[in-house]
Amino acid sequence: MEEVEIPQYFLCPISLEIMKDPVTTVTGITYDRENIEQWLLMAEENASTCPVTKQILPRDTALLTPNHMLGRFIRSWTICNAEKGIEQIPSPKYPLNKSHVIRLIRQVNNHDFYLKALRKMLTMISENEENRKCFDEGGAIKAMVFFILRSFKEGEGIEEALRIFHLVWRPTHENKQIVKENHDLIEAILWILKSREMYNNQVVTSIKTHAMLVLKNVISVSSTNFLSSLTLDFFQQMLNTLRKNSVKYISQQATKAVLHVLIDACPRGRNRLKMIELGAIFELIELELNNNEKRVTELVFALLSHLCSLADGRAELLKHAAGIAIVSKRILRISPATDESAIQILGLIAKFSATKQVLMEMLRVGAVTKFSMVIQANCEACLKKKAMEILRAHYNVWSNSPCVQIYFLTRYPGQ
């Protein structure tokens, strides 16, 4: 095998081996991280010195500065000489400690270093759960909220801050206190969702997705009183995000986050009425007509069942030409959760909105057939019972239809 001459400055002064993770001390000498940390660990307390210069060397490993440029040179050189027997060196995983985390978080407030600090934080947070926990304990959520409030109209760094918030977020007591009554944070996120001109389309999609994921986190821990204070503009923006002409600016992940937010806001009856008045029923049906993802369907139907608990919601669903049809079609095709919501919706319509025209529409689009199928299928007993109640309630209208299974008429005669 050909002998390869290793550049002298690639070698650690301690081990005389190629450095895997070069770091520079305050004395200006570069060592391999593992070797210099071991050297400092073995030194007598308050008496550590630089192996090369013999100058006093602080024992705090947080003061070791990664020599990224040299590290890249070394890794590139090992790749080029791999065929000559040189072992390739992977990119190092930098260990986290509390002082390192706090220093990075503080740099977010520095106008000259904030973007570099945010990107470095994001890289570390993306590596593993332990790093995310470390940044959470170091106060990353509070720092990101302050950064977003300060810089949301400037654009630069906002995507990184939103991603860090979402990745680090845990519903701890401290984090809840920071976000749960924060109207300013809600307003900042709404502004980001409305803005397009600051970014290209690819960046818009990423920023809007992470803005919605942050909003989902915030709304999920908000109090009932806070949810009741959500404005008409808030719900308008949520529905704007779901509209077909906005699809190119959001991801499926963002769509699911919007649906989660609207569902969490539903316990307040006034919020349901706001959504209905803004056309939520129509938007949800249109979304489902163009949807092919199971989880989105489950969320759409869960939200529709909330909205249809109000008379105005049922009236809006009946106005849409595909309203009853799409609800009926999804029964026994998606999931038990969808079945439950769909039966709930049709049950409310059959109980409170059962005009002759509506009942004949249910028959025409196959809803009555689906009720019969639910009774025969391997469904929850409560769903079977609900389907039976609906069929019994309108037996006189539907009894002569071939859509009603023969076995049902013979098994339950006169009902």
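**View A. The exposed side of helix 5.** Glu 130 and Glu 137 are exposed on this side of helix 5. Keep in mind that this is a predicted model. Just past the end of helix 5 comes Gly 139, with a positive phi of about 95°.

**View B. The buried side of helix 5.** Turn to the other side of helix 5, which runs over residues 129–137, and you meet its buried residues: Asn 131, Arg 132, Phe 135 and Asp 136. Looking down the helix axis, these buried residues fit within an arc of 140°, so they line one face of helix 5. Their cover includes helix 3 (98–107), helix 4 (114–127), helix 6 (140–151), helix 7 (158–168) and helix 8 (173–179).

**View C. Phe 135 and the nonpolar core.** The largest nonpolar core has 109 residues, and Phe 135 is among those touching the most other members, along with Met 121, Phe 234, Met 238, Leu 317, Met 362 and Phe 371. Skipping neighbours within four places in sequence, Phe 135 has contacts that include Leu 96, Val 101, Met 121, Ala 140 and Val 168. There's also a second, separate core of 17 residues, with Cys 12, Val 23, Ile 29 and Leu 64 among them.

**View D. Aromatic pairs.** The model has seven aromatic pairs. In one of them, Tyr 9 and Phe 10 meet edge-to-face, 4.9 Å centre to centre with 80° between the planes. Tyr 9 is exposed, at 55% relative accessibility, while Phe 10 is buried, at 3%. Ring pairs tie Tyr 9 and Phe 10 into a cluster with Trp 77. Phe 234 and Phe 235 are both buried; their ring centres lie 5.3 Å apart with planes at 90°, so this pair is edge-to-face too.

Methods:
Residues numbered from 1 in each chain as written. Predicted model: local features only at pLDDT ≥ 70, side-chain atom pairs only at ≥ 80, totals over all residues. Heavy atoms only, no water. Core = buried A, V, L, I, M, F, W, Y, C linked by side-chain atoms within 4.5 Å. Buried < 20%, exposed > 50% of the residue type's maximum accessible area, 1.4 Å probe, protein only. Contact = heavy atoms within 4.5 Å. Helix = DSSP H or I, 4+ residues; strand = E, 2+ residues; numbered from the N terminus. Arc of directions from axis to C-beta. Phe/Tyr/Trp six-rings, centres within 6.5 Å; stacked < 30°, edge-to-face > 60°.
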